[in-house]
Amino acid sequence: MMTWIVRHSPLLMFAFCVLGFLWPQGSTAMLPFLPLTLFLLMCFSLLGMNQRQLLRAVFSRAVWRDALLHGAAMGLLCGAVAWLCGARGEWLLAMTAVGVTSPLFASAAMAQTVGLPVLPVMARTIAATVLLPVYLLVLMLFSRKSGVELDWGAYMLNLLVYIAGPMLLAVALRSLLP
């Protein structure tokens, strides 16, 4: 069963996205489970990786360069497409923000299903997640909204919970389980 899920996960993710749009009440009902899902997805992805190699990759210049370029390019692309489609104000800001947040915790799982190396993808995902508040702050400043604020404490707590937490749990599970 697990092999079938892994093999078909890109199609399943797409199907559930469409289902969420078609049935918004069901999507809203599932929203409280999103944090746990993200945590477990990150943890299970990390279980199969060498944490030392991952940390070395995360601290490499190439990973940070790629994360910077990816966020900027995707933000500009999504913002341009949204603007061309008539989005303005908060809608334009939201669509551009979606572009800079495009690397997801599921990236490693998706890379694995298509046979790409998982470790560099996870390293870029972590770097992009760390850079996210910088992009969001720049977007909010360019949108000329007064009183632009970003709760850095809450964001750092989320980084600990959704990146450091799964990494520590994965290391602990790998050392405790055969």
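## Close-up views of a predicted model

Thr-101 counts as partly exposed, because its relative accessibility is 28%. The views described below all come from a predicted model.

**View A. Thr-101 is placed in a loop between two helices.** The loop runs between α6 (90-100) and α7 (107-113). With a relative accessibility of 28%, Thr-101 is partly exposed, since the buried class requires a value under 20% and the exposed class a value over 50%. Thr-101 and Arg-7 are 94 residues apart along the chain, and their C-alpha atoms are separated by 25 Å.

**View B. Arg-65, Asp-66 and Arg-124 are joined into one network by salt bridges that share partners.** Side chains of opposite charge can pair when their charged atoms come close. The salt bridge between Asp-66 and Arg-65 has its closest N and O atoms 3.3 Å apart. A salt bridge also connects the side chains of Asp-66 and Arg-124, with an N to O distance of 2.7 Å. This second pair links distant parts of the chain, for Arg-124 belongs to helix α8 and Asp-66 to helix α5 (residues 61-84), 58 residues apart. Asp-66 counts as partly exposed because its relative accessibility is 23%. Arg-65 is also partly exposed, with a relative accessible area of 47%, and Arg-124 is partly exposed at 31%. The count of salt bridges in the structure comes to two.

**View C. Thr-125 is a buried residue of helix α8.** Helix α8 comprises residues 118-142. The relative accessibility of Thr-125 is 2%, so this residue counts as buried. The side chain of Thr-125 reaches the backbone oxygen of Val-121, at a distance of 2.9 Å.

**View D. Gln-51 lies in helix α4 and is buried.** Helix α4 covers residues 51-58. Gln-51 is classed as buried because its relative accessible area is 10%, which is under the 20% limit for that class. At 3.3 Å, the side chain of Gln-51 reaches the backbone oxygen of Met-49. When residues up to four places away in sequence are not counted, Gln-51 touches Leu-46, Met-167, Ala-170 and Val-171.

**View E. Cysteine residues are present, but the structure holds zero disulfides.** The cysteine sulfur closest to that of Cys-85 belongs to Cys-78. These two sulfur atoms are 11 Å apart, which is too far for a bond, because a disulfide requires a pair of cysteine sulfur atoms within 2.5 Å. Cys-85 is exposed, with a relative accessible area of 68%. Cys-43, by contrast, is buried, with a relative accessible area of 2%.

**View F. A nonpolar patch of about 810 Å² is found on the surface.** The patch is made by Leu-11, Phe-14, Phe-16, Val-18, Leu-19, Leu-22 and Trp-23. One of these residues, Val-18, lies in helix α1, which spans residues 2-22. Val-18 counts as partly exposed because its relative accessibility is 34%. Val-18 can therefore take part in a patch, since patches are made of residues with over 30% relative accessible area and no salt bridge.

Technical notes
Residues numbered from 1 in each chain as written. Predicted model: local features only at pLDDT ≥ 70, side-chain atom pairs only at ≥ 80, totals over all residues. Heavy atoms only, no water. Patch = residues over 30% accessible without salt bridge, like charges linked within 9 Å, V, L, I, M, F, W, Y side chains within 5 Å. Areas by Shrake-Rupley, 256 points an atom, 1.4 Å probe, with all protein chains shown as cover. Salt bridge = Lys/Arg side-chain N within 4 Å of Asp/Glu carboxyl O. Helix = DSSP H or I, 4+ residues; strand = E, 2+ residues; numbered from the N terminus. Buried < 20%, exposed > 50% of the residue type's maximum accessible area, 1.4 Å probe, protein only. Polar contact = N/O pair within 3.5 Å; in protein donor to acceptor, adjacent residues only side chain to side chain. Contact = heavy atoms within 4.5 Å.
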